[in-house]
Amino acid sequence: MNKKILAVALAILFIVTAFTACKSKLDMTEINGKEYPLMTDKSGNTVVNEENKVAVLVTDREGEVLTYADGEDQTYWLQLDGDYVTDDQVQGKLYKLGVPKGWTGNKYGRVVKDKTDENCYIKFTQHAELKAEETLETYLDIIDANNEAVGEAINDPVQLAELIKKNPSFAAYEGCKYTHTENTGTISGNLSSEIRIYKIVDKDGNVIHYTENYYFVSDGVVYSVDYACEGGNGYDESFNFAKYLGQNFTFKAPKK
């Protein structure tokens, strides 16, 4: 073979192998035991539609993404059985929760603090549709009344003694102090919210129960984002749930 032709052939081979070696590998995400290359939007978020289906990129046998004539990536929809969970987020049809360092998302849609036996967690909850003439405030009146009754019983030794006679497990609250705080704020940008904070401290000042709930209404339906430390597990006074929500919670109202 002519030396010049051989040199050109080798150069072409080098270029081809170089490009092959540098070809970027798609990020794969495991869903129900199988890996998929998921499509993301301009912000790097996985695309999930109103039917709880996630957008998956279509690839050839070589792992290259197939495109339409206009250059747009080909995709198809994959039905999710539950919330979509990755290392850094938990995403459902209506919401997304970020997963901070030291926490893990689970298949039940909760963001759980590590090493707490899943007793310290953050979750999104859909409650109920408001009835005619009902508001978020009136909806919460019943919840507040029930919690205030529990608090009075814990703070009153006489009432607590009666409860212990009926249920010995209430003895764990002897000498404890219950506090209930109400406030207002905004969530996910501009949604008005009613904030409820419940805290139980034992006689030594240790937190044995803590919950923080942000209730809000969208299209007549009550939702909340909740932070709980059951049994005081994982409670950290420095953890700012309001700040977490501002940076890590997104709500997407359902389409009418």
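## A covered strand

A residue counts as buried when its relative accessible area is under 20%. By that cut-off, strand β3 (residues 53–57) is mostly covered in this predicted model. Of its 5 residues, 4 are buried.

Strand β3 is joined to strand β4 (residues 75–79) by 5 bridges. The two run antiparallel. Across this pairing, A55 of β3 stands opposite W77 in β4.

## The chain overall

The protein chain has 256 residues, and 33% of them are buried. It contains 4 helices and 15 strands. About 16300 Å² of the chain is exposed. Carbon and sulfur atoms supply 50% of that area.

How many of the contacts join residues at least 24 apart, among those between residues at least 6 apart in sequence? The share is 45%.

## The seven-stranded sheet

One open sheet has 7 strands, in the order β8-β9-β10-β14-β13-β12-β11. The pairing is antiparallel. Its edge strands are β8 and β11 (177–187), each of which pairs on one side only. Ignoring direction, neighbouring strands here are turned by 20 degrees against each other on average.

Within this sheet, β10 (residues 120–129) pairs with β14 (residues 221–229). That antiparallel pairing runs over 8 bridges. One bridge matches C120 with C229 in β14. In general, strands of a sheet pair through backbone hydrogen bonds, either parallel or antiparallel.

## Helix α4 on the sheet

Helix α4 (residues 241–248) packs on the seven-stranded sheet. It touches β9, β10, β11, β13 (207–218) and β14. The direction of α4 makes about 40 degrees with that of β13.

Which residues of α4 are buried? They are F241, Y244 and L245. These three cover an arc of only 100 degrees around the axis, so they sit on the same side of α4. The general rule is that an α-helix has 3.6 residues a turn, so residues three or four places apart point the same way. The face of α4 turned away from the buried side carries K243, G246 and Q247, which are exposed.

The start of α4 has a polar contact of its own. There, a side-chain oxygen of N240 comes to within 3.1 Å of the backbone nitrogen of A242.

## The four-stranded sheet

A further open sheet is built from 4 strands, in the order β5-β6-β7-β15. Its pairing is antiparallel. The edges are β5 (84–85) and β15 (249–251), and each pairs on one side only.

Strand β7 (residues 95–98) pairs with β15 over 3 bridges, in the antiparallel sense. In this pairing, Y95 has F251 of β15 as its bridge partner.

F251 also turns up next to the seven-stranded sheet. Strand β12 (residues 191–201) holds L191, and F251 is among the residues that L191 touches. The two are 60 residues apart in sequence, yet 9.2 Å apart in space, C-alpha to C-alpha. Beyond residues up to four places away in sequence, L191 touches G185, T186, F216 and V217 as well as F251.

## Two loop residues

N106 lies in the loop between β8 (103–105) and β9 (111–113). Is N106 buried or exposed? It counts as buried because its relative accessibility is 11%, and the cut-off is under 20%. The N106 side chain reaches the backbone nitrogen of Y108 at 3.0 Å. Setting aside neighbours within four places in sequence, N106 is in contact with V85, V112 and E118. Of these, V85 falls in the range of β5 (84–85), V112 in that of β9 (111–113).

G231 is found in the loop between β14 and α4. Its relative accessible area is 53%, so G231 is exposed. The cut-off for that label is over 50%. Leaving out neighbours within four places in sequence, G231 is in contact with V207, I208 and H209. G231 and Y210 are 21 residues apart in sequence. In space, their C-alpha atoms are 7.9 Å apart.

Terms used. Residues are numbered from 1 along each chain as its sequence is written. This is a predicted model: local features need pLDDT of at least 70, side-chain atom pairs count only at pLDDT 80 or more; totals for chains, interfaces and linings use all residues. Side-chain values use heavy atoms; hydrogens and water are left out. Buried means under 20% relative accessible area, exposed over 50%, partly exposed in between (1.4 Å probe, protein chains only). A polar contact is a pair of N or O atoms within 3.5 Å; within protein, one must be able to donate a hydrogen and the other to accept it, and residues adjacent in sequence count only if both atoms are side-chain atoms. Contact means heavy atoms within 4.5 Å. Accessible areas come from the Shrake-Rupley method with a 1.4 Å probe; for residues, only the protein chains shown count as cover. Two strands pair if DSSP finds at least two bridges between them. Axes are lines fitted to C-alpha atoms, for helices over the stretch in contact, and angles run from 0 to 180 degrees between N-to-C directions. The arc is that of the directions from the helix axis to the C-beta atoms.
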